[in-house]
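Visitor: I've got a multi-chain model open and I'd like to learn how to read it. Could you walk me through a few features?

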Amino acid sequence: MSDTLPKYWQSLAERAGDPGVLEQARNEFAEELPVGTAFAPPDASSRRDFFKMMGLSATAALVACNRAPVQKVIPYVARPDEVTPGLALWYASTCGGCSAQCGLLLKTRDGRPIKVEGNDEHPVSRGGVCAVGQASVLSLYDASRARFPALSCKRTTWAELDAGVTEGLRKATEAGKAIRVVLPWVMGPTAEAAVRRFLTAYPTARTVRYEPLGELAAIGDAYRVTHGVRMVPDYRFDKAKVIASFGADFLGTWISPVAFTRQYTEARDAAGKREMARHFQVEPVLTLTGAAADRRFQVAPSDLTPALGALVRKLAVKAGRTVPALAQLPAPALEESSLDEMVDALWAQRSHALVVCGGDDVASQVLASTANALLGSEGTTVSLADGMALDADALSYGELLSEVRAGGVGAVLFLGVNPAYSDPRGGELETLLKAVPLSVATNDRLDETATLARYHAPDSTALESWGDAEPRRGVLSLRQPAVAPLHETRSVVESLLTWAGASQPHYDFLRARWEAEVFSRAGAAGQDFGAFWDDAVRRGVVTLPAAAVEAPAFREDGLAKALAGVARPSVEWELVLYPTVSVRDGAPANNGWLQEVPDPITKATWGNQALIAPARAKALKLNDGDVVRVGVGGKTVSLPVLVQAGTHPSVIAVAVGYGRTKAGRVADGIGANAYPLAAVVEGRARRVVPGVAVEPTGEKQPLALTQTYHRLEGRPHVREAELAAFLTNPRAGNEEEGGHGGGNGSHPLSIWSGHEYNGHRWALAVDLSACTGCSACVVSCQAENNIPSVGRDEVLRGREMHWMRVDRYYQGDEANPQVVHQPMMCQHCENAPCETVCPVLATVHSTEGLNQQVYNRCVGTRYCANNCPTKVRRFNWFDYKHDDPMERMVLNPDVVVRSRGVMEKCSMCVQRVQEAKAQAKREGRPLKDGDAQTACQQSCPAKAIHFGDINDPASAVAKLSKDGRAYRLLEELNIGSSITYLTKIRNTGSGSGT
Amino acid sequence: MSASVLIGYFDSEEKVLDATRAVREAGYALHDVYTPYAVHGMDDAMGLRPSRLTWVCFGAGLTGAAAALSLQYYTSVVSWPLNVGGKPFNSFPAFIPVSFELTVLFAALTTVAAFLIRAKLFPGNKRVALPRVTDDRFAIAVEPREAPADMAAAEDVLRRHGAVEMARVEVAS
Amino acid sequence: MNDASIHTPRLTRAAGWAGALAALALSGCSGPVNNQQGYMPEQPVAFSHAVHAGQYELDCQYCHVGAEKSRHAGVPPSSVCMNCHTQVKKDSPEIQKVAASVAENKPLEWVRIHRLPDHAYFNHASHVTSGLQCQTCHGPVQEMVRLEQVEPMTMGWCLDCHRKTAAEQVSAPPPSAPRSGELLAMSSGTPPPAPLKEPRILQPPTDCSSCHR
Amino acid sequence: MSNQHLSPLRVPLVSEARTLGQLTEEICAPMERPPTWKWWAAFAIAVSILGTGAGIVAYQVGTGIGVWGLNKTVGWAFDITNFVFWVGIGHAGTLISAILFLFRQKWRTSINRAAEAMTLFAVMCAALFPVIHMGRPWLAFWVLPYPNTRGSLWVNFRSPLLWDVFAISTYFTVSAVFWYVGLIPDLATVRDRAKAGIRKAVFKVLSLGWTGSHRTWSRYETVYLLLAGLATPLVLSVHTIVSMDFATSVIPGWHTTIFPPYFVAGAVFSGFAMVLTLMIITRVVLGYEHLITIRHLENMTKVIIVTGGIVSLAYGTEVFIAWYSGNEYERYAFLNRAFGPYAWAYWTMVTCNVVSPHLFWFKKIRTSPAAIFVLSLVINVGMWFERFVIIVTSLHRDFLPSSWSMYTPTAVEVGTFIGTFGLFFTLFLLFVRVLPIISIGEVKSVLGFAREPGEVPADSGTRKPAHSAPEPLPAAQGSMAAPALAMATRKDVPV
């Protein structure tokens, strides 16, 4: 039977089967789990300690079963003031998921953080949160996180660790050996201050900035060339009218996808602005951004830079400038006409045009910067004044390796970076570190790098620690803990300060720095810092008045040198290593939600694949699931093939972030690690590798896809219109009125008169034009509604449990298809086919128009799911137990955990709606539009989902449902869907029609 | 009180039909006729009236239909009306199948029950069948009369119509 | 047909048995299934609601603070008991248990009496702010020396009240907790929001998703 | 019974001359002698399959429906296929009994008992699936409307599944009653043949004190007629309701108005095929070739030709309407059936159900038990695939292409299906052992059918030895113990 059980849940059983592991697990738990310590003196000042207690009573509640076992109620001994059991507390904070640092609201219940939402007041992320940010709350409870500091992977105390580290640092300093702090580019101003304090304390210390994907480094280095400053400008897609992106997946993974998505949808709000930015995408592999583009040109990876060069050349001609450095660039394979189309469009908008470039190639970033300079878009779509300065003095990781090899390094500190896994030279680290007397890692777990370090000083997660961020100059985002550290971990800032001999709590350091540096700039004249601080903590973000900053100017002098190496090799295969929107560079991989959220393009879960073009697959007689060996320079990785439309024929693309070996029980062994295949050019890792060998192994490995059919078969489920047609006819592309009469609002002939909805009537509107398919909603829904992750085996059987999914269809040529995304959830049909067929009334309609599913009444005939025309119902095939005592803490106590054998589906977040209604009632006021938000709506970075009362004519959803773009699914069935879809508008410039 | 019944055994359907008619025409009261299978024409021969079980069946069927419809109406409209798939509380067309089934169920069970009761068939019944009438013999049972001579005449009638055997049996009345 | 027809009484007897069985089956189905009515376990501390809520007329929400704002009414922390019992009846062995709890920082493990299954959502605040008396559901607590579950607390019992309340068009009392704006008004001097003009007619929901979600 | 209207078209229903006593003897003999080793072997196999099936079901109930191959798109597959398959088989029994009775088809008499038993066993097999296909089968009783403490939450009388509950339970109850009522006189025969002992005691209870009184016979005939009259629309209603599980849905390929007659015809089609399968075995094994004659078999093949024709017509109509309706989903559903990933199942169905019955136009095939036997199996396979095709190919690709998926059964599903055959044959073998599988009373009443009055030998007290079977299958020969063996046992009866 074991092989029929889902793998994810099975792995516990596997562990249980191994007595050694079991013993280890037991010890761990005995020592660390709240059981013994729950009643330890809760420090009166540490207001968030008591979650443990509440966790315990929650455990009791979950254990409770049919017939009255005696249940205990365990109250606090002394209840913290702000906590009322059963009431949610919200903390404004800042995401630590990636360098974008979006604003968050953390929802805690009874002391446990249970949900991450976007902070609407945050001027950069503006209420959106991506999938990774959403999932960070599950990572908080990751059972594989380090629970204590360690020396040589064995438990130690912080005091011993600090003594050892300080001693090691002192020795290194005394010996004149170098101390190297390896850290990411973006840590936040206060953490950078702590790093500076550390560097001051140890004169031989220097920073090494490490970034697995190399994107920020490439931009920084390019701007050092073109503007003399190592920085990342603030890209403003909202101000752009034409966007040309060369391989930058800015909606998916590039720099700050949440902020960019919101800006992008604003720039393309055809309905509101009556105009729409045109988006060109030039890329070798279909990305989320390419899928959204109006015009997508497919090029080989090695052709990206030449193509961009040619574009810049043409721009220079338009601008009447001669840039000699451009002449040396090789000619691109991209057609002249395509280039001209882009150049004309860009030049027409000039300062409102934006050229961006992705990847880790400095030359192409230099070209993008040149293009923006030529267009004059600096200051509008590319703001250098608001940009983010990067550490100008930092060494590269390659330089560090050389130093270590040379024997001059006395201490290395890894601050949350994992080069042993994510650098192609990661394998060398183990031997190299043996020569370094002191090595310390602050990674959150004993991962690939931390196990190599002598000391492990685990950092607390972003949800457990203080901190701040400056995602745009002048926008200061505060991070506050939503819970005291669950384990014996310590904020990296505190660690650095301690080792620098200036030990003080992170909070004090942060507050002091804010008082000294932020408060003074805030222009809050006459205000008391205490009030300012309290307000900042409450809001989570402070926007400082614009300071007059002189933006650096473009200069040509370095171009020739920077562009010297650009070549266009002609090879059979080029390997592209790309990050996915879920596990990104691999850091958050040990997270069931992220592993299971399907890739927005490939729809693959649990692992990476070798993506190849359909034509190439046909030629090689390769099908989905055929395992190929990808090799370069003696290193090989075996991966199943996924035939991916929109892939350049010379490309084999592999996602990074998989194949972890020491991330934990979820991620280990899922997929293969492709980082070792990366090239190393001049000490830098490069994710485009020309000349790899691809050979079929003859093996098969099924792909865990959530969608296996990719064409609409001409069905009108997704409707689209060209901008020009839409501007003349608001119903363009949406003329179809449903098969047999009817149309928006009006009902086809029916023998029944229907029911009246006199009070609220909830409905959703989904703007297909705004939706980018990023899948943040899927994870948000999963977090809000206690949806289990079922594991690879169950996904393979087609049993993922997501209540909402994002359908992705291809149209046109499969070599370079048009892509549409359609969020799909329960349609809450007025005449719901599922309700009629349930024998036991487990699914019926509410008086507020919701299609209710009563789990406890369900006997599990699955008839409803069969009769569901949109197949959005999900069945609990097994007991998907939330049995990890840590991970169970993430459960939302307002939503019941479903047992085996029952059907479940989207409830339109009825618990949130009820809570909003109850709140309004208690406050004695009517419910306003926007009081109740569904989880998917809340986190959508594109604000593509609108929820509200369709009976309230003032509500957004009521207005949208009457829009010319509005249509409902399957109207000819007379199901009366409550979900309105809005036609997708494209701006391909091809005139009219779809 | 008990009395002896005269039993005449026959070995074929034709003979027993003839004999039955003859016994009745001779003015004897027929106690009953026992046969191994349902002999067609015997109702006439014995002068039995058609059974009234058809009416029981009809009544029970009506009861079943009424019960089913009221159950469905009560539960769906009165007790807890719920909006199921936008259909009205009283979704009459959808109630027809169950009504039909219950009509048949009530009719069938009631008819059989009425038959069993009327025919006094029940488990634990101590009645014993006459020899071989459940196999290959047909038997006519003639009600006794006061005068023994009459019974002798009856025996004669039976014998003339081919009775292969005669017997007198005491039965409870 | 009069052969051996002596067994009619048996038939009637059998019919009687069948009837009795059917009645039993029916009563079994309609009777309280799985409810805890009458549950009155012993508690770790012999706390008497009759003394506190009855004799001394303490407000329920003095101890059960969550009742008006949270879904949980909450069991009071031991420290709440000690608000008075540092002075009153310090020497009682029962009080000493509570004092010990506070001293050792070890919560008392009360036995839960009123409970709904996990799949039923219940919100105290919604009911209390609608003007429902605690006793309506919890019985005459102020007379109970040892607490007992009085009502069946089944789904049907909940629904009966919801349906009746909806039918009778009962109004909610004015909110006792400050409304949004009122707090601000109290502290900052801005004009408080206008009082509600019309009383809120209670519309207790009978939708499944009100409680099952 | 005399028969005045002899015609060349009518042939005797009992192919060899028999006395009443001989008939009793022959029909009761198999249950009165100890079982043969072949019966034991067959029974052992059936019980072990049943046991395995029970184990598999226990595992499935204990672990979860996830052990089946279903997924988010295909929520029913083997389970409901098997359910409809077994219900379909369960249709011939009551149909043969009731409809043929109403139409005065006297040839029914020698097969109706076994066919009714088959109905009951098939319905038991069928009823298993709606229960175990539930995610929480232990709550299956929730489908019954009974007063409860949930505010009295009732059931959804609009759901075809609920109609199924009532239809299947009514069908089972009425079929069982019909069968039992038919059995009462024969039970009395067995009772009267039995000597004192357990058999006597048991049959005494079961026969309810039947005396063969004609006053009772008279009412009995009325009741039987009424039951037949009730059962006939019931049979039709049951498969109509089963078809409504699909027909009332919105899924293309299910949402079809012709389903009720189509399903009923299909049920009769498969039911007769199953009756043929069983009867061909039984007549050989028990030596009943003169009771279950070639003519009986031939008549049933004719029914199969007709119902097969109806089924074929339905297939054609579906495809035509899918094209004619202009509904893109409907069109796609049928194109997908014929040419999609499950085309193999569709063409298996067509071959078995549309093509193979036409072989019965040939008299030679129609009168060859071996050929009929093979074809009956083919038809049953075809009818199983029909349900599979309807259920799985409609579900796996419906409206939104994004949710399209494939279904592959697991060993658990296949094992459960095979297990139901174990249940079916265990019950059938027990039935063959303990009850007269041919209605003694009814066959006796047609003994004289199409014979001169004198042809029926009046019982002279002498018994002919056992008939010689026309062409017994070699394997079955040994079990044909001569009725003469049992002759002595009844000599103690006077007269």
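Guide: Let's take the contact between two chains, then some strands, then the nonpolar cores. Keep in mind that this is a predicted model.

Visitor: How many residues do chain A and chain C each put into their contact?

Guide: Residues count as in contact when their C-beta atoms, placed from the backbone, lie within 7 Å. Here chain A brings 43 residues and chain C brings 44. On chain A's side, β1 (72-73) and α29 (910-922) each supply at least two residues. The biggest giver on that side is α29(A), with 6 residues.

Visitor: And what is the side of chain A that touches chain C made of, by residue class?

Guide: That side splits into 22 nonpolar, 12 polar and 9 charged residues.

Visitor: Which strand of chain C is joined to β1(A) by bridges?

Guide: Two strands count as paired if there are at least two bridges between them. β1(A) meets that mark with β1 (residues 110-111) of chain C: 2 bridges, running antiparallel. To find the spot on screen, pick A:Lys72, whose bridge partner is C:Val111.

Visitor: Now a sheet inside one chain. Which strands stand at the edges, and why is one side of each left without a neighbour?

Guide: Read the strand order, then look at the ends. In chain A, 3 strands make an open sheet, ordered β18-β19-β20, with antiparallel pairing. The edges are β18 (467-472) and β20 (541-543); each has a single partner strand, so one side of each has no neighbour in the sheet. From one strand to the next, the twist averages 20°. β18(A) is joined to β19 (residues 475-479) by 4 bridges, and A:Arg472 sits opposite A:Val475 in β19(A).

Visitor: What about β3 of chain B: are its residues buried or exposed?

Guide: For burial, the cut-off is 20 or more other C-beta atoms within 10 Å of the residue's own. In β3(B), residues 138-142, 5 of 5 residues are buried. B:Phe138, B:Ile140 and B:Val142 point one way, B:Ala139 and B:Ala141 the other way, and all are buried. β3(B) also pairs antiparallel with β2 (residues 30-34) of chain B over 4 bridges, where B:Leu30 stands opposite B:Val142.

Visitor: Last one: which residues have the most contacts inside the largest nonpolar core?

Guide: That core has 521 residues, and those with the most contacts inside it are A:Val182, A:Val630, A:Ile652 and D:Val275. Click on A:Ile652: leaving out residues up to four places away in sequence, its contacts include A:Trp573, A:Leu611, A:Val630 and A:Val694. Apart from the largest core lies another, of 8 residues, among them A:Tyr76, A:Val77, C:Cys63 and C:Val98.

Methods:
Residues are numbered from 1 along each chain as its sequence is written. Chains are lettered from A and ligands numbered from 1 in the order in which they are written. This is a predicted model: local features need pLDDT of at least 70, side-chain atom pairs count only at pLDDT 80 or more; totals for chains, interfaces and linings use all residues. Two residues are in contact if their C-beta atoms, placed from the backbone, lie within 7 Å. Ala, Val, Leu, Ile, Met, Phe, Trp, Tyr, Cys and Pro count as nonpolar, Asp, Glu, Lys and Arg as charged, and the others, Gly among them, as polar. A residue is buried if 20 or more other C-beta atoms lie within 10 Å of its own, exposed if 12 or fewer, and partly exposed in between; C-beta atoms are placed from the backbone. Axes are lines fitted to C-alpha atoms, for helices over the stretch in contact, and angles run from 0 to 180 degrees between N-to-C directions. A nonpolar core is a set of buried Ala, Val, Leu, Ile, Met, Phe, Trp, Tyr and Cys residues joined through C-beta atoms within 7 Å.
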